[in-house]
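User: Please take a close look at one residue in this model and then set it beside the other parts that can be described with care. I would like the terms explained as they come up.

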Amino acid sequence: MRAVGIVPRQRHVAEVRHEHPEIVSPTQIKVRTLDVGICGTDREICTFVYGEPPANSEYLILGHEALGIVVDVAAEVTQIKIGDLVVPSVRRPCADPNCRPCRMDRQDFCATWKFNERGIHQHHGFMTEFFVDDEKNFIFVPPELRYRAVLAEPLTIAEKGLSQVWSIQSRLPWACDQPGKPKGDGLRAVVIGAGPIGILGAMVCVLNGFDTYVYSRSPKPNEKSEIIESFGATYVSTADTSPAELADRVGSIDLVYEAVGVSKTSFEVMMHLGINGIFVFTGIPAPEGNLSLAGNQLMRNIVLKNQVIVGTVNADKASFCDAIRDLGEFHRRWPQALERIISARYPVEKFQELLTGKMTGIKNVIAFSE
Ligand code: BGC
Ligand code: ZN
């Protein structure tokens, strides 16, 4: 069976021949891969900074953003049927009986760090013709999202981030509680970065009623600024607006959703977080490099302004369900914007340039089959 992976020992990104997977337990389903999205994580794995094959394998099959169609179900599968479209989640729990999060299906908070992640860490991914997994690791996708649901996994990062925001900020009167109004009504959000995670994050912010600004490098107009302004957010470029000027323009910044993976810009914006504000980190920069910052000022702000700085990684099943629901909503409200996020669909043969070449576009997708 065709598959695309890394062979770390040879430092190769290559097509590998992988054994066709079979169902081996009564709760599993078998899926034929339709679409696989490519993200910064995949491209970084292809530089061999991280990404680890399963214990018994020389290679790691890539791909963690996938959409597939169910081709077989085992005897005890109850919810999912042959022919359904499904999206798989990424992280699988550790085996430690004392890991409370993993034992409660919250491996996104795994306390031992012995989880594995499909396509990333010690577990093969979805850049392959077929894959098998347990029913509980899949989320049903309605047919109208056939050409959009590959965006579900990157959207889960924002969904989990925002659900964390609501639960953290329930410590004070912050969210709008007026009936009929979204919880973000009257609040202002700044999204840093205009890649797929940033754009999808901004869509979630707008949907939740935040007055939303996206702060990113390229001067406008550009493809991303056009998409962003078409769904009601405001695009601001770092090229002509400093973080202080951004804050002046926005007013008090209630929420920052970081989706750029660059610490310098992030901490510069953090200096301007508003009273009672919350700053959510989602980016994973390379570990090297130092930053000097106005630590005293930052610490004063955090204390005197009751601020929260929080990191969030991966997503739980509820966030996957929220992502599918909101993709449906985006598809109804902003069909063109959603369509434009997926820049192009490529055949498998293009994997090398997509993963290691110069990449253009917003979200590139490998179409494994129709
Ligand atoms: C994925 C997450 C994963 C993280 C760290 C991201 O690209 O979307 O699911 O937890 O990488 O490996
Ligand atoms: Zn990803």
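Is Q107 buried or exposed, and what is its relative accessible area?

Analyst: This is a predicted model, in which local features need pLDDT of at least 70 and side-chain atom pairs count only at pLDDT 80 or more, while totals for chains, interfaces and linings use all residues. Residues are numbered from 1 along each chain as its sequence is written, chains are lettered from A and ligands numbered from 1 in the order in which they are written, and side-chain values use heavy atoms, with hydrogens and water left out.

Q107 counts as buried because its relative accessible area is 10%; buried means under 20%, exposed over 50% and partly exposed in between, with a 1.4 Å probe and protein chains only. The residue lies in the loop that runs between α2 (100-103) and β8 (116-118), where helices (H or I, at least four residues) and strands (E, at least two) are DSSP runs numbered from the N terminus. Apart from neighbours within four places in sequence, Q107 touches R91, R92, P93, P101 and C102, contact being heavy atoms within 4.5 Å.

Burial also marks part of the metal site, since C39 and E65 are both buried. With H64 (NE2), C39 (SG) and E65 (OE) coordinate the zinc ion (ligand 2) at 2.1 to 2.3 Å; donors are N, O and S atoms within 2.8 Å of the metal (3.2 Å for Na, K and Ca), and sites may look incomplete, as water is not among the atoms. The spacing of these donor residues in sequence is C-x24-H-E. The pair C39 and E65 links distant parts of the chain, 26 residues apart, with C39 in the loop between β3 (28-38) and α1 (40-45) and E65 in strand β5 (residues 65-73).

Strand β5 is also joined to β3 by 8 bridges, the two running antiparallel, and D35 stands opposite L67 in β5; strands pair if DSSP finds at least two bridges between them. A further 2 bridges connect β5 with strand β6 (residues 85-88), again antiparallel, and here G68 faces V86 in β6.

Elsewhere, an open sheet of 3 strands follows the order β2-β1-β4 with antiparallel pairing. Its edges are β2 (12-17) and β4 (60-61), each with a single partner strand, so one side of each lacks a neighbour in the sheet. Within this sheet, strand β1 (residues 2-7) pairs with β2 in the antiparallel sense over 6 bridges, and A3 stands opposite V16 in β2.
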